[in-house]
Each structure stands twice: as structure tokens, then as C-alpha cells.
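Here is a quick tour of one fold, written for someone who would rather look than calculate. Keep the viewer open and follow along.

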Amino acid sequence: MADWEIKKTLGQCYGTQEPFEPGQDYYAALVETDQGLERRDYSIPYWQQHTPEVYCFWKTRMASHEQKKKLFIDDEMLMAFFDRLAEETDPEKINFRFVLTLILMRKRKLKYEGSQTDAAGRELWTMRVVGQDRTETVINPHLTEDQIEQLSGQMGQILQVDF
């Protein structure tokens, strides 16, 4: 499994290089590059004027230096990210979606209903989306505990939260 090298916020707008002030809202985004997913942050004015092409994004706020980091990512954003990864075939994105599935199960947004093996020999989990009349199929890539922990940590860095 390849390591994801997605950095934390640099505290400045990717487009203008201007630093964010404490308390300033901005957009954090994942952009697909030749090297994989890369995090880029954009000021609100830059975002509104240029609307960069991104894989997914969320709105967040720059913490003050003395404020303990306590950023909140809502469940709708996590579900949107989960849905966005549904058709991906890249092994890293399949692994990422699986770890996101585990997080959403813990948050009681997804419920495990069963599993089956497809013609390619992959284990597929059937997940019910809580509060909705739909199910989703998730590939179980049989990650080790260390791999799950590593991906969870990387996801927490990307989203600036603790999982």
C-alpha cells in the first residue's frame, strides 16, 4: 500500500499565497494530481472568483494560535466524500473509502448488512445508509490494523479532525 503524503494546512491561500488570519473562513480541498490527492486551501474571495477544479472540498476556519484545534467536519460532508469515492477503482482510493466506511459506521451513519464475494474474488460489504432508503457496496481490501490506523491518521490530517 502506498503512503499518502497529504499535508496539513499551510495557513495560506494556494492561489494567492496570502496568509489566512486567525478566525478567517476558507475552503480546504483535495485536488487530484499525477502524484495522487493533494490538499490545497483557498481564500473565500479566490474560490468565488476562480472556482478551482477539485475532487472534494469543505469550508473551515483558521484557528487562532492559542486556540486548541477543535474543528468540526459534519456528517454530510463525510457522506458526500464516501459517495464520491463509490466508483473509484484505484486501490488507494478503495482503501481510503473502506476506512471512511469504518468511521461512518462508528458515527452510526452506515450499518453493515452482510457480505458476499464477487467473481473477481473480492469481498463486498453491503452497507445500509441510516435514515435513507438505500444501500451501498463497499470493497473490503483486507487492510491490516496498522494500515487502517495509518489511513485514519492521514484522513484526520486531511480533514483536520481526530477520528
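## A sheet and the helices on it

Strand 5 (residues 123-129) and strand 6 run antiparallel and are joined by six bridges. Helices (H or I, at least four residues) and strands (E, at least two) are DSSP runs, numbered from the N terminus, and two strands pair if DSSP finds at least two bridges between them. One of the bridge partners to look for is asparagine 140 in strand 6, which goes with glutamate 123.

Before going on, bear in mind that this is a predicted model, where local features need pLDDT of at least 70 and side-chain atom pairs count only at pLDDT 80 or more, while totals for chains, interfaces and linings use all residues. Residues are numbered from 1 along each chain as its sequence is written, and side-chain values use heavy atoms, with hydrogens and water left out.

Zoom out, and three strands make an open antiparallel sheet in the order 4-5-6. Strand 4 (110-117) and strand 6 are at the edges with a single partner strand each, so one side of each has no neighbour in the sheet. From one strand to the next, the twist averages 30°.

Two helices pack on this sheet. Helix 2 touches strand 4, strand 5 and strand 6, and helix 3 also touches strand 4, strand 5 and strand 6; contact here means heavy atoms within 4.5 Å. Against the direction of strand 6, helix 2 makes about 65° and helix 3 about 125°. Axes are lines fitted to C-alpha atoms, for helices over the stretch in contact, and angles run from 0 to 180 degrees between N-to-C directions.

The helices also pack on each other: helix 2 (residues 75-84) and helix 3 (residues 91-106) meet at an angle of about 145°, their axes 10 Å apart. Helix 2 brings Leu78, Met79, Phe81 and Phe82 to the contact, and helix 3 brings Phe96, Arg97, Leu100, Thr101 and Leu104.

## Two residues with positive phi

Away from the helix pair, here are two residues other than glycine with a positive phi.

| Residue | Phi | Place | Relative accessibility |
|---|---|---|---|
| Glutamine 17 | near 65° | segment before strand 1 (25-33) | 46% |
| Histidine 142 | near 55° | loop between strand 6 (135-140) and helix 4 (145-159) | 53% |

Glutamine 17 counts as partly exposed because its relative accessibility is 46%, whereas histidine 142, at 53%, counts as exposed. The cut-offs are under 20% relative accessible area for buried, over 50% for exposed, and partly exposed in between (1.4 Å probe, protein chains only).
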